[in-house]
Amino acid sequence: MSTAATPASPGQVLADLLPSATLRAGGASTLVRDVALVLGGAALTGLAAQLAVPVPGTPVPVTGQTFAALLVGTTLGARRGASSLTVYALAGLAGVPWFAEGASGVGVSFGYILGMILATAVVGALARRGADRSVLRMAGTMLLGEAVIYAVGVPYLAYAADLSASAAVAAGLTPFLVGDALKAVLAMGLLPTAWKLVKR
């Protein structure tokens with residue numbers, strides 16, 4: 001049984017470097033690893049969503065959910081990242097209480113979850129092109145991912161909560177800009193540092 005990690009090379013994301021047991025059934029070990037990564041990414045997002053702080057004047061709380069989702073996308077890549085968030089969304093719709101503040105089902109903030117599925121695919125694709133290996137590119141990747149989430153989440157909030165466009169922006173975007181900037185700064189240090197450690 002081999003547990004050696006694959007050396008880093010262009011076109012890889014961090015999860016590609018994780019060791020997997022060598023099994024007789026060809027690519028079975030890779031499939032098992034990918035399923036575990038997808039489920040783990042969904043669970044991480046669900047746990048991070050419970051780190052929630054209510055914001056006065058808006059039904060959308062500040063959570064660790066968006067940061068976890070974008071982290072899942074950059075570390076797992078587009079396919080596995082989007083699969084993780086799809087599992088997260090479907091399980092929440094089925095009644096698993098792991099949306100923000102222990103919620104499940106369709107609420108006014110469900111658009112942000114739909115946006116996260118798309119955002120993980122976007123940041124995962126950029127990570128495969130090396131966007132997670134430098135500070136500035138990682139910052140741009142995170143900001144783009146957050147923009148994608150808001151591009152879906154804010155219009156959905158306006159529709160679901162019967163808000164005007166300006167009211168939806170005031171309730172679903174403006175209060176979160178500072179926190180999103182801090183998340184981008186955290187990712188700027190976290191992902192490039194992880195790649196530096198891998199290359200040693």
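Q: What makes residues 21–25 a stretch to read with care, and how many contacts does the model have for them?
A: The pLDDT stays under 50 over residues 21–25, where pLDDT is the predictor's confidence in each residue on a scale from 0 to 100. For this stretch the model has seven contacts beyond four places in sequence, a contact being heavy atoms within 4.5 Å. This is a predicted model, in which local features need pLDDT of at least 70 and side-chain atom pairs count only at pLDDT 80 or more, while totals for chains, interfaces and linings use all residues. Residues are numbered from 1 along each chain as its sequence is written, and side-chain values use heavy atoms, with hydrogens and water left out.

Q: What is the mean pLDDT of the chain, and which elements have the lowest and the highest mean?
A: The chain has a mean pLDDT of 86, and 90% of its residues reach 70 or more. Among its elements, helix H7 (residues 177–199) has the lowest mean, 81, and H3 the highest, 96. Helices are DSSP runs of H or I with at least four residues, strands are runs of E with at least two, and both are numbered from the N terminus.

Q: Why is Gly46 called buried or exposed?
A: Buried means under 20% relative accessible area, exposed means over 50%, and partly exposed is in between, with a 1.4 Å probe and protein chains only. Gly46, which lies in helix H1 (residues 28–49), has 3% relative accessibility and therefore counts as buried. Leaving aside neighbours within four places in sequence, Gly46 is in contact with Tyr88 and Trp98, and its C-alpha atom is separated by 7.9 Å from that of Ala100, 54 residues apart along the chain.

Q: Why does Asp162 count as buried or exposed?
A: Asp162 has 72% relative accessibility, so it counts as exposed. Asp162 is placed in the loop between helix H5 (135–160) and helix H6 (165–172), and has a positive phi of about 55° although it is not a glycine.

Q: Which class does the relative accessibility of Glu101 give it, and why?
A: Glu101 stands at 48%, and therefore counts as partly exposed. Glu101 lies in the loop between helix H3 (78–93) and helix H4 (110–128), and its phi, near 60°, is a positive value in a residue other than glycine.
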